[in-house]
Amino acid sequence: YFIYMLYFDSRTPHPPSPTRHHFWALAHFPFHTALVLLMEGTSRFITWRNAMEIVNHIYTAYDSIWDSTNSTASLATQFEDLSAYVLHSTQANPVKYNVTGYLDILRNSGDASSDVAIDSAFEILLTLVNATLKFFKIEAAKKTARDPAVGEAKDPYTDLGNALIVYDLVFLYFFLAAGLTLILLAVLNILNHKGRWVKGDWIGVAVRVLVGMGIALVSLVKTDISSEEVFLYSPWMLPTVMLGLGIVVLVDGVAGWVLPATAAAAHARTAKEERV
């Protein structure tokens, strides 16, 4: 809706010249491409956020189980109950997401602080996370992800890694597309503008470009793996873009409200010159 406002509020029905009108029309190709990528990224991150809500509950339950007891038998029983609940809720394939082997290893390890017990519990955690991601269709393409053979359980590390690789790419193009969309809105505004430029016009173009560049630069978080993971698991991906768009709409509206007299005078002078 913000993009709709920014596009149509700055559009004039009569372009200033045929040449600029042609460039204005051509600029719609990269604009629509960026807009499609932005919408696709938005859809994926809505799904991702829904999945992360459940994943965070799984992590919380995992930590709570570890804090509740030091008995491997009790740990195995509680992890079995958690696994049964998650796998049933996500309608997971019991063969592909089989945790029975890990539960047996944990139960027979004898020492909850041993590496064997800790590794088995962590394998259970990864399997439950993978089942949740699968339920929300967060997975790699079939040609890049190897499906297990009949009777073979999925490798939790490979499964989770394949899914995260996909969203690593989504993270990159989502913020680049969002920033480019705003910058191209500024370009369209310039090409479609008719009459003299006033302060409000320049402010509208400048805020589009500056905020667009800022949003696009958020993708540089990808250069630091730890920072990217923290941001990716946080609820701030979509609000970051929405906040940027909201700032542009607010500044654009305030500039048009604070400087209406200046703009009206400039347009009146332009109309007078055209009549002469």
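**Figure 1. Helix after helix, from one end of the chain to the other.** Read along the sequence, this predicted model runs α-α-α-α-α-α-α-α-α-α-α. That gives eleven helices and zero strands. Of the 276 residues in the protein, 39% are buried. Take the contacts between residues at least 6 apart in sequence: 81% of them join residues at least 24 apart. On the outside, the protein exposes about 15,400 Å², with carbon and sulfur atoms supplying 65% of that area.

**Figure 2. A close look at R107 and its neighbours.** R107 sits in helix α5, which covers residues 100-108. Leaving aside residues up to four places away in sequence, R107 touches T72, A73, A76, T77 and E80. L75 gives a feel for the distances here: R107 and L75 are 32 residues apart in sequence, yet their C-alpha atoms are 7.6 Å apart in space. Is R107 buried or exposed? It falls in between, as a partly exposed residue with a relative accessible area of 30%.

**Figure 3. E80 reaches R107 from another helix.** Side chains of opposite charge can pair when their charged atoms come close. Here E80 and R107 do it as a salt bridge, with 3.4 Å from N to O. The pair links distant parts of the chain, since E80 belongs to helix α4 (residues 72-89) and R107 to helix α5, 27 residues apart. E80 is partly exposed, at a relative accessible area of 39%, and R107 is partly exposed too, at 30%. There's a third member to look for: D104 joins E80 and R107 in a network of salt bridges.

**Figure 4. R44 and E40, a pair within one helix.** The salt bridge between R44 and E40 has its closest N and O atoms 2.9 Å apart. Where do the two residues sit relative to each other in helix α3? They are four residues apart in that helix (residues 28-68), so about one helical turn separates them. An α-helix has 3.6 residues a turn, so residues three or four places apart point the same way. Both ends of this bridge are partly exposed: R44 has a relative accessible area of 29%, and E40 comes in at 35%.

**Figure 5. D168 and K222, a helix tied to a loop.** This view picks out another salt bridge, in which the side chains of D168 and K222 meet at 3.2 Å, N to O. D168 lies in helix α7 (residues 156-192), while K222 lies in the loop between α8 (199-217) and α9 (225-233), so the bridge ties together parts that are 54 residues apart in sequence. D168 is partly exposed, with a relative accessible area of 23%. K222 also counts as partly exposed, at 28% relative accessibility. If you'd like to hunt for others, the count comes to six salt bridges in total.

**Figure 6. Helix α6 and the residue that follows.** Helix α6 takes in residues 115-135, which makes 21 residues. How far does α6 reach from its first C-alpha to its last? The span is 30 Å, close to the 30 Å expected at 1.5 Å a residue. After α6 comes K137, whose phi is positive, near 60°.

Conventions: Residues are numbered from 1 along each chain as its sequence is written. This is a predicted model: local features need pLDDT of at least 70, side-chain atom pairs count only at pLDDT 80 or more; totals for chains, interfaces and linings use all residues. Side-chain values use heavy atoms; hydrogens and water are left out. Buried means under 20% relative accessible area, exposed over 50%, partly exposed in between (1.4 Å probe, protein chains only). Contact means heavy atoms within 4.5 Å. Accessible areas come from the Shrake-Rupley method with a 1.4 Å probe; for residues, only the protein chains shown count as cover. The expected span of a helix is 1.5 Å times one less than its number of residues. A salt bridge is a side-chain nitrogen of Lys or Arg within 4 Å of a carboxyl oxygen of Asp or Glu.
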